[in-house]
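Please look over the chain shown below with its strands, surface charges and charged pairs in mind. The briefing is written to be read beside the structure.

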Amino acid sequence: MLWLVSGCGEKNYVLIDHTDGYKGPAKLNPYLAAQTFLRETHDAEVKVKNGFVKYDFETGMVISPASTLSSEIMVKKMLRWVRNGGVYVCLIERGEKRWEDVGEGCDHDSSMWRRNWDFDEEDSEALNFLLDKMNIDLVDDPSGKTTGGSSYRGDPKDPVVLGEELPLVETREIEMFSDVEDILEAQIGGTRVMEYRGNLTYEDVYDEGDYHRFLGLSHGAGRIYFITDGRLFRNPYLPMSDHAELLESMSSEAYGDIVFAYGNRRGFWSLMINYAGPALLGVFVLLVFWLWKSIPRFGPLLEIPESHARDYAQSVTNTGRFLWKYKSAGVLLTSLRENLLRSSGMFDAEGKAEESLIETFAEKSGLEVEEVIEALTRDKVNEAGDMVRITRNLQTILKSL
């Protein structure tokens, strides 16, 4: 930015620095450098996935923020894939795409990272389920060295703003695969650390100490890595310390494609519900007031006159149209699902489908597991195309029994 000041016939120029941060693809993708690096060092394909990840035999490694763990069913599916040889990297904090790494508006205030979990109970439940399965306790950092942070507004030349320094971290030494020559240094932060309930073996990878910021635990034929801070693999920090060597060593265990997963796609209404609650509440109150004012009713209800008999199929069709018109399609789906579960012989009091039953449905019907999960569990259906697809899948499953 350039300012021009004139006075007494002279012109004086004052140069003011302002650092905005990354532009273009690097701003949209915080792991662009890591993906480019892996494409040079890894034989298979390196992909970016914004929706559901298919944990199949073609996928060798998945790197994703912990917030992408959507449910216990998906965690169990991921664990089965790891047991068969997959490598899963779980970035517990500060791994999502939305965080800004550099520039005067960079997000290095650790209180904001923790808030992400405090307000998202579904994501935290799935993460806690995974941690419990792996005998890990996540506790607050007792040292306090990696918590805090301040604003960098008005300081464009600060090393943190320029991406030359990674704040709120500890330098941890990690011995990769019990080889003395493979001891790597990594700068890792996070508001919480990990305690392992058990004894780590020579097959595991971890940093020394009672509290861990890096754990690579064997699980069947594969491995799960837990890292308390995802910043070490992001664009400005990959060249620091031994972060690139650490990523390369982790990917050497993967036989198949490497996928960077950023979570499920979110629709317009989902974003509105999460970020525009007060506005939606106001619209709802105005709607109720308008209905109360515009549709009054006085006097007793009129009797319904008797009419001619109707065709049964036409009555069912009219009922379906009525329910769809008044946003009650869930009644139709509930009936279909109860009939399906009853036909399978595994209908319980609460009407919940077991994980093994989902896999059986997918195998018999030829549908994807994600399609079966959607057909059995999705509640809110507002689009006609989605309703047709879910109904078709439920009928396909029913016919396959």
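The points below are grouped by topic, from sheets and strands to charged side chains and backbone angles.

The model is a predicted one, and every value given here was computed from it. Its strands include an open sheet of seven with mixed pairing, and the count of salt bridges comes to 15.

**The seven-stranded sheet**

- The strands of this open sheet follow the order S3-S13-S4-S5-S12-S11-S10, and their pairing is mixed.
- The edges are formed by strand S3 (46-49) and strand S10 (205-206), each of which pairs on one side only.
- Within the sheet, strand S4 (residues 59-65) and strand S5 (residues 87-91) run parallel and are joined by five bridges, and Ser 64 has Cys 90 in S5 as its bridge partner.

**Strand S7 and its neighbour**

- Strand S7 (residues 169-175) pairs with strand S8 (residues 183-189) in the antiparallel sense, over seven bridges, and the bridge partner of Val 169 in S8 is Gly 189.
- In a regular strand the side chains alternate between the two faces of the sheet.
- The covered face of S7 carries Glu 170, Arg 172 and Ile 174, while Val 169, Thr 171, Glu 173 and Glu 175 belong to the uncovered one.

**A patch of negative charge**

- On the surface, Glu 173, Glu 175, Glu 185 and Glu 208 gather in a patch of negative charge.
- Glu 175, which lies in strand S7, has a relative accessible area of 32% and is therefore classed as partly exposed, and this residue is on the uncovered face of the strand.

**Salt bridges between distant parts of the chain**

- Side chains of opposite charge can pair when their charged atoms come close.
- Asp 257 and Lys 47 meet in a salt bridge, at 3.2 Å from N to O, and this pair links strand S13 (residues 257-261) with strand S3 across 210 residues.
- Of these two partners, Asp 257 counts as buried at 13% relative accessibility, whereas Lys 47 counts as partly exposed at 32%.
- Asp 137 forms a salt bridge with Arg 197, with 2.6 Å between the closest N and O atoms; Asp 137 is in strand S6 and Arg 197 is in the loop between strand S9 (192-196) and S10, 60 residues apart.
- Both partners are partly exposed, Asp 137 at 29% relative accessibility and Arg 197 with a relative accessible area of 36%.
- Arg 389 and Glu 374 also form a salt bridge, the closest N and O atoms being 2.8 Å apart, and the pair links helix H13 (residues 384-400) to helix H12 (residues 369-377) over a separation of 15 residues.
- Here Arg 389 is partly exposed at 25%, while Glu 374 counts as buried at 19% relative accessibility.
- Salt bridges that share partners also join Asp 141, Glu 170, Arg 172, Asp 207 and Arg 213 into one network, and Glu 170 and Arg 172 are on the covered face of S7.

**Positive phi angles outside glycine**

- Leu 168 is not a glycine, yet its phi is positive at about 55°; this residue is in the loop between strand S6 (136-140) and S7 and counts as buried at 18% relative accessibility.
- Ser 241, also a residue other than glycine, has a positive phi near 45°; its place is the loop between strand S12 (222-227) and helix H6 (243-251), and at 32% relative accessibility Ser 241 counts as partly exposed.

Methods: Residues numbered from 1 in each chain as written. Predicted model: local features only at pLDDT ≥ 70, side-chain atom pairs only at ≥ 80, totals over all residues. Heavy atoms only, no water. Patch = residues over 30% accessible without salt bridge, like charges linked within 9 Å, V, L, I, M, F, W, Y side chains within 5 Å. Areas by Shrake-Rupley, 256 points an atom, 1.4 Å probe, with all protein chains shown as cover. Salt bridge = Lys/Arg side-chain N within 4 Å of Asp/Glu carboxyl O. Lys, Arg positive; Asp, Glu negative; His and termini not counted. Charge placed at Lys NZ, Arg CZ, Asp CG, Glu CD. Helix = DSSP H or I, 4+ residues; strand = E, 2+ residues; numbered from the N terminus. Buried < 20%, exposed > 50% of the residue type's maximum accessible area, 1.4 Å probe, protein only. Pairing = 2+ DSSP bridges.
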